Every structure is written in structure tokens, then in C-alpha cells.
Amino acid sequence: MRIVLLGPPGAGKGTQAKLLTGRLGVPQVSTGDILRQAVANGTQLGREAKSFMDRGALVPDEVVIGIIEERLRKPDCAQGYILDGFPRTLPQAEALSRVLASLHASVDGVLSVEVPEEDLVERLAGRRVCRGCGNMYHVDTNPPLQAGRCNTCDGALYQRDDDKEETIRHRLRVYRDQTQPLVAYYDKMGLLTRIDGRGTIEEISQRVHRALRQR
Ligand code: ADP
Ligand code: ADP
Ligand code: ZN
């Protein structure tokens, strides 16, 4: 199963990807997570990416394409994966097809998770992430059992630097301009299923499963 989760920042891609990995037994591949890890480790890649990420801009295509090429060739990706946050531009989508073709593989399905913009701002502003395991919480809709602590690993929860209202607005614009065209692109290829991203995490998870069963 090679699945792409498409959707604006805050749509719930990461949340659903984590639930799916448990069910399907394939890894979540998130370019955002890989980039944040590089920033935290202070690597060359991290130093290059940081200024783009802080502004809510996209990291240049050639950088993220390089990351993905390396990642998808790892053994744990042999049975499939859930791509979360990649591709985000047309050149990235074309590069993905090329990389997969060279591995004699292709994308099985693209799920576009759709949520109105007002809700996205609230979801992102209230998002908290575990430093230990990357689990996502929300201060109102999905709070941890103990304030500031992860339910599964007891790690400290933090707010991402780019989850500030001004940066959020900019990221939503970037999504509209650069990523949204991929919805039509994958629709034309017959790969797209639209998922209503409003409702509880469990409801959306059920829609995702239904969509995948029909693929
Ligand atoms: P969200 O889903 O909340 O928008 P991500 O964790 O997917 O956030 O991405 C965070 C940031 O990392 C993006 O704003 C961007 O700067 C960078 N990034 C992640 N994936 C990509 C990508 N495929 N192309 C370019 N930049 C990316
Ligand atoms: P993305 O990866 O698309 O940027 P996340 O999965 O990180 O989105 O979710 C963004 C925020 O919204 C997180 O705080 C998460 O806990 C919360 N969230 C996810 N799904 C839902 C939902 N169905 N209803 C309300 N809040 C949600
Ligand atoms: Zn944790």
C-alpha cells in the first residue's frame, strides 16, 4: 500500500497517518518530521531548511525530493508507506512518480482530507506535539490525560514554532497556491478520493478506511 495523504496544514494528516500505520503495518513518511529532526540535530540539512520552515514557506523542491528518494529506498518502505506532507508541489509529484518508477512501484491511492479554513486555524493554534514520540494533541479537542505530558510515552508536549497565527495564515496561503493544484492532478490520474475532514478523529479514521477498501 503506497498512499499519499493530501490536505492543508492542520487537516489531520499526521493524526490519521499514525492511526493507519498501526492498522496497515507500513511506516508513516513525513517530510515535516524528517526536516524538524534535522533542525533539532543541527545538521547541514536542518540549517538549510530552518529559515523556510520558520517563515511557513516551502523548503526548495530539490532538497525535499532528495530526502524522499533516500527515505523510500530504505528496507522498511518495501511493503509500502503513508506519505504525509509530500508531495506539496507539482515538481515534487512528478519526482515521486519518477522515483517510484525506478523502484518498479506506483502510488495506489491519494486521499485528500478537506477541512474549512476557519477550523484549520483553530486546529493548528491548539496543536501540541510530543517531544518523545511525535504524537499530536490538541488543547481543546484532543487533550492529553495529564496536562503537558504524552499519554503513550510521558514525553513533554510543545507548540511548534510555525503554529503561530501569522505563520499559520501564510502556510494556508502557500497550500492554496502550491499544493492544492495536486488535488486536480491526482484526480485526473484516477487516484484521488476526497475525505470530509470534519468530525471526530475516529469518524475520519473510518472514512479513511472505507476509502482505502474501495481502492
Ligand atoms: P503541516 O502539515 O502542519 O503543514 P509539516 O510538518 O508537514 O506541517 O511541514 C512543516 C514545514 O516543513 C512546512 O511548512 C515546510 O516548511 C516544510 N515541509 C514539509 N514538507 C515539505 C515538502 N514536501 N516540501 C517543502 N517543504 C516541506
Ligand atoms: P496535519 O498533519 O494535517 O498538519 P495534525 O494531524 O497535526 O494535522 O492535526 C492538527 C491538529 O488538529 C492537532 O492538534 C490534532 O490533535 C488536531 N486534530 C486532528 N484531527 C482532528 C479532528 N478530527 N478534530 C479536531 N481536531 C483534530
Ligand atoms: Zn509521546
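This is a chat between a trainee and a mentor about a predicted model with two ligands.

Trainee: Hi! What should I know about the model and its numbering before I start?

Mentor: It is a predicted model, in which local features need pLDDT of at least 70 and side-chain atom pairs count only at pLDDT 80 or more, while totals for chains, interfaces and linings use all residues. Residues are numbered from 1 along each chain as its sequence is written, chains are lettered from A and ligands numbered from 1 in the order in which they are written, and side-chain values use heavy atoms, with hydrogens and water left out.

Trainee: Thanks! How many residues surround ligand 1, and which are the closest?

Mentor: There are 19 around ligand 1, and the closest are T31, R36, A57, R127 and R171. A residue belongs to such a shell if one of its heavy atoms lies within 4 Å of the ligand.

Trainee: Which polar side-chain atom lies 2.8 Å from a nitrogen atom of ligand 1?

Mentor: That one belongs to T31. Oxygen atoms of ligand 1 find partners too: there is a 2.8 Å pair with a side-chain N or O atom of R127, and a 3.1 Å pair with a side-chain N or O atom of R160. A polar contact here is a pair of N or O atoms within 3.5 Å; within protein, one must be able to donate a hydrogen and the other to accept it, and residues adjacent in sequence count only if both atoms are side-chain atoms.

Trainee: And how much of ligand 1 does the protein bury?

Mentor: Ligand 1 taken alone exposes 550 Å², and the protein buries 97% of that. Those areas come from the Shrake-Rupley method with a 1.4 Å probe; for residues, only the protein chains shown count as cover.

Trainee: Which helix gives the largest share of that shell?

Mentor: Helix 2 (residues 31-41) does, with four residues. Helices (H or I, at least four residues) and strands (E, at least two) are DSSP runs, numbered from the N terminus. By class, the shell around ligand 1 holds eight nonpolar, four polar and seven charged residues. In that scheme Ala, Val, Leu, Ile, Met, Phe, Trp, Tyr, Cys and Pro count as nonpolar, Asp, Glu, Lys and Arg as charged, and the others, Gly among them, as polar.

Trainee: Over to ligand 2, then. Which residues are closest there?

Mentor: G10, K13, T15, R127 and Y137 are the closest of the 19 residues surrounding ligand 2. Backbone polar atoms take part: one of G10 is 2.8 Å from a ligand 2 oxygen, and one of A11 is 3.2 Å from a ligand 2 oxygen. On the side-chain side, R123 places a polar atom 3.5 Å from a nitrogen of ligand 2. The protein covers 93% of the 560 Å² of accessible area that ligand 2 has on its own.

Trainee: Which elements give two or more residues to that shell?

Mentor: Helix 1 (13-24), strand 6 (136-138) and helix 9 (201-213). The class count around ligand 2 is seven nonpolar, nine polar and three charged residues.

Trainee: Changing topic: which residues of helix 6 are buried?

Mentor: In helix 6 (residues 117-125) they are L120, V121 and L124. Buried means under 20% relative accessible area, exposed over 50%, and partly exposed in between (1.4 Å probe, protein chains only).

Trainee: Why do they end up on the same side of helix 6?

Mentor: Because they cover an arc of only 100 degrees around the axis, the arc being that of the directions from the helix axis to the C-beta atoms. The face turned away from the buried side carries the exposed E118 and E122. The buried residues pack against strand 5 (127-130) and helix 7 (165-179), where contact means heavy atoms within 4.5 Å.

Trainee: Is R128 buried or partly exposed?

Mentor: R128 counts as partly exposed, at 24% relative accessibility. R128 lies in strand 5, and its side chain reaches the backbone oxygen of A125 at 3.4 Å.

Trainee: Last one: where is the cis peptide bond?

Mentor: It joins F86 and P87, with omega about -5 degrees. P87 is in the loop between strand 3 (81-84) and helix 5 (90-102). For another backbone feature, look at H104, which has a positive phi of about 55 degrees although it is not a glycine. H104 sits in the loop between helix 5 and strand 4 (109-114), and counts as exposed at 75% relative accessibility.
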